[in-house]
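Student: Please show me one part of this protein in detail, and then walk me outward from there. I am new to reading structures, so plain steps would help me a lot.

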Amino acid sequence: MTSRRVLAPRIDFTELRRELGLPTGFSAAAVEEAEVAAKLSFDDRPDRTDLPFVTIDPPTSKDLDQALLLRRRDGGGYRVWYAIADVAAFVTPGGALEAETRERGQTVYLPDGKVPLHPQVLSEGAASLLPGADRPAVLWTIDLDAEGVTTAVTVERARVRSRAQLHYEQVQHDVDAGTAHESVALLPEVGKLLVERGLQRGAVDLPLPEQEVEPDGDGWRLTLRAPVPVEEYNAQISLLTGMAAARVMLDGKVGLLRTMPAPPDDVVDRLRLAARALRVPWPDGASPGQVIAVLDPAQPRAAAFLDQAGEMLRGAGYTAFDGAEPEQPLHAAVAAPYAHVTAPLRRLADRYVTEVCLALFSGAEVPVWAREALPKLPEVMRRTDRVAGAAERGAVDLTEAVLLAGRVGEEFDAAVLDVEPKGDRGTIALDEPPVRARCVGEALPLGERIRVRLAEADPARRRVRFDRVQLEA
């Protein structure tokens, strides 16, 4: 599937920001702390600026959390170097900045600007792994054998320097052309190995196209964008590091995991029934993740099946533990213990998890400020996850309503993604423009194309609704 874009007129997201209670700035004390911290020197750190790291992010990003380097090892296998922004080096425990970041929890993204977790002087400056600048980092070194099995892990503080800021489409183009940057030339090879190992474990990845709202002159674009393969491969490196962090903490019996319970048997049974109804092949012995991995989300039946599969991935949260392993340490979608550790500029939990891992790996005591924060973090992250999700969905809903406001009564082609139990209400995806919305109509056929008529497009309520058009026999 290629990207699809539709221009929407000028949109004001102010009411959405107000509704969600998003902060408009940082306190003077937090800003002062950040500005002082931005001037710190880290010349006394172990120097790993010889390693030619690169970052892979959206082209306009400046809050760069991760830098990557892949090499083949003598004798077989691979070495992964993953440098993560060392945010804790800039945030004083017990200070005004730490208190404010605990309240924010994570960066919230809106089309007209983000609400950052940290002041810009850090998040897009001194702490960001921008190219050409020496930066303090937490360096994970992970060795893999030829099958992608982790054989060794180290984690340490260091000073690093990124050589280039790459973006996904650029890397994919270069990979396809055989001209990939030497630091990430092995990314497809390693990424595919890690994907296959995940499928063997029972991991599940939903390759759903993303609805995004992007600026376009005086207006906005509503974009449906399918991820390119290198995005999944890059995500696999983050998952690899998160699993390594989880293992360090489980062995040390203290930490914070990102967890998700296994789906109930009846949910998987319903998914099997949906596969049969949608004529999605489910080979004997195949896991849900293996079934999903071969689907093309651009096909209506596959898209409907993926929407149904989302029911399996419910209940994600954070689990803190200290003194004993948690009863349920697994993340069902990863099919392994896993921790958030690779995005500390944008997500609060990662900063504390990183400190726990550094201490445990070196045999030191976990800092009191980090240990005492662990049991409080699950609620902070749950609350702010909800806000971030509402911001993302609210922005898309508003854009869809504005885009369609003058077209009530028009008819469109759509695919049915989900149907409620009575069969007369569900969710559809328009072929053009790229809109997902509620639909009302008798006997909605899951995974089939239908004709719909726009019944409501209300920007004030951020609501769009369609009615099914019953074609004459």
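Student: Let us start with one side chain: with which side chain does the side chain of Arg 159 make a polar contact?

Tutor: Happy to help! Keep in mind that this is a predicted model. The partner you are asking about is Asp 134: the side chains of Arg 159 and Asp 134 make a polar contact at 3.1 Å. To find Arg 159 in the viewer, look for strand 6, which covers residues 150–166. Arg 159 has a relative accessibility of 11%, so it counts as buried. Which residues are in contact with it, once its neighbours within four places in sequence are left aside? One group is Phe 42, Asp 43, Arg 45, Pro 46, Asp 47, Arg 48 and Thr 49. Asp 134 and Arg 135 complete the list of contacts of Arg 159.

From here we can step to the loop between strand 5 (134–144) and strand 6, where Glu 147 sits. Along the chain, Glu 147 and Gly 77 are 70 residues apart, yet 7.5 Å separates their C-alpha atoms. Beyond its neighbours within four places in sequence, Glu 147 is in contact with Leu 193 and Arg 197.

Now compare that with Thr 55, which is found in strand 2 (residues 53–56). Thr 55 has a relative accessibility of 0%, and therefore counts as buried. Its sequence neighbours within four places aside, Thr 55 is in contact with Leu 64, Gln 66, Ala 67 and Leu 129, as well as with Ser 162, Ala 164, Gln 165 and Leu 166. For Thr 55 and Val 31, the separation is 24 residues in sequence and 27 Å in space, taken from C-alpha to C-alpha.

Next come the helices. The axes of helix 5 (residues 168–177) and helix 7 (residues 229–252) come within 8 Å, and they cross at roughly 105 degrees. Because of that angle, helix 5 is roughly perpendicular to helix 7. On the helix 5 side, Tyr 168, Val 171, Gln 172 and Val 175 make the contact, while helix 7 contributes Pro 229, Val 230, Glu 231 and Asn 234.

Helix 8 and helix 10 pack in another way: their axes are 10 Å apart, at an angle of about 170 degrees. These two helices are therefore roughly antiparallel to each other. Leu 271, Ala 274, Ala 275 and Leu 278 of helix 8 meet Arg 301, Ala 304, Phe 305, Gln 308 and Ala 309 of helix 10.

Phe 305 leads us to the aromatic rings. A pair of aromatic rings is described by the distance of the centres and the angle of the planes. The count here comes to 4 aromatic pairs. One of them joins Trp 282 and Phe 305 edge-to-face, with 6.3 Å from centre to centre and 85 degrees between the planes. Trp 282 lies in the loop between helix 8 (265–278) and helix 9 (288–293), and Phe 305 lies in helix 10 (residues 300–309), so the pair ties together parts that are 23 residues apart in sequence. Trp 282 and Phe 305 are both buried. Another ring worth finding is that of Phe 26: Arg 104 lies over its face, at 3.6 Å from the ring centre.

Let us finish with the backbone. Most residues other than glycine have a negative phi, and most peptide bonds are trans. Arg 279 is not a glycine, but has a positive phi of about 60 degrees. Its place is in the loop between helix 8 and helix 9. At 56% relative accessibility, Arg 279 counts as exposed.

Arg 462 also has a positive phi, of about 50 degrees, without being a glycine. You can find Arg 462 in the loop between strand 16 (449–458) and strand 17 (463–468). Its side chain makes a polar contact with the side chain of Glu 19, at 2.8 Å. Apart from neighbours within four places in sequence, Arg 462 is in contact with Leu 16, Glu 19, Gly 394, Asp 397, Leu 398 and Ala 401.

Last, look at the peptide bond from Glu 432 to Pro 433, which is cis, with omega near 0 degrees. Pro 433 is in the loop between strand 14 (425–430) and strand 15 (436–440).

Definitions and conventions: Residues are numbered from 1 along each chain as its sequence is written. This is a predicted model: local features need pLDDT of at least 70, side-chain atom pairs count only at pLDDT 80 or more; totals for chains, interfaces and linings use all residues. Side-chain values use heavy atoms; hydrogens and water are left out. Rings of Phe, Tyr and Trp (its six-membered ring) pair if their centres lie within 6.5 Å; planes under 30 degrees apart count as stacked, over 60 as edge-to-face and the rest as tilted. Helices (H or I, at least four residues) and strands (E, at least two) are DSSP runs, numbered from the N terminus. Buried means under 20% relative accessible area, exposed over 50%, partly exposed in between (1.4 Å probe, protein chains only). A charge sits over a ring if NZ of Lys or CZ of Arg is within 6 Å of the ring centre and within 35 degrees of the ring normal. A polar contact is a pair of N or O atoms within 3.5 Å; within protein, one must be able to donate a hydrogen and the other to accept it, and residues adjacent in sequence count only if both atoms are side-chain atoms. Contact means heavy atoms within 4.5 Å. Axes are lines fitted to C-alpha atoms, for helices over the stretch in contact, and angles run from 0 to 180 degrees between N-to-C directions. Angles under 35 degrees count as roughly parallel, over 145 as roughly antiparallel, 65 to 115 as roughly perpendicular and the rest as oblique.
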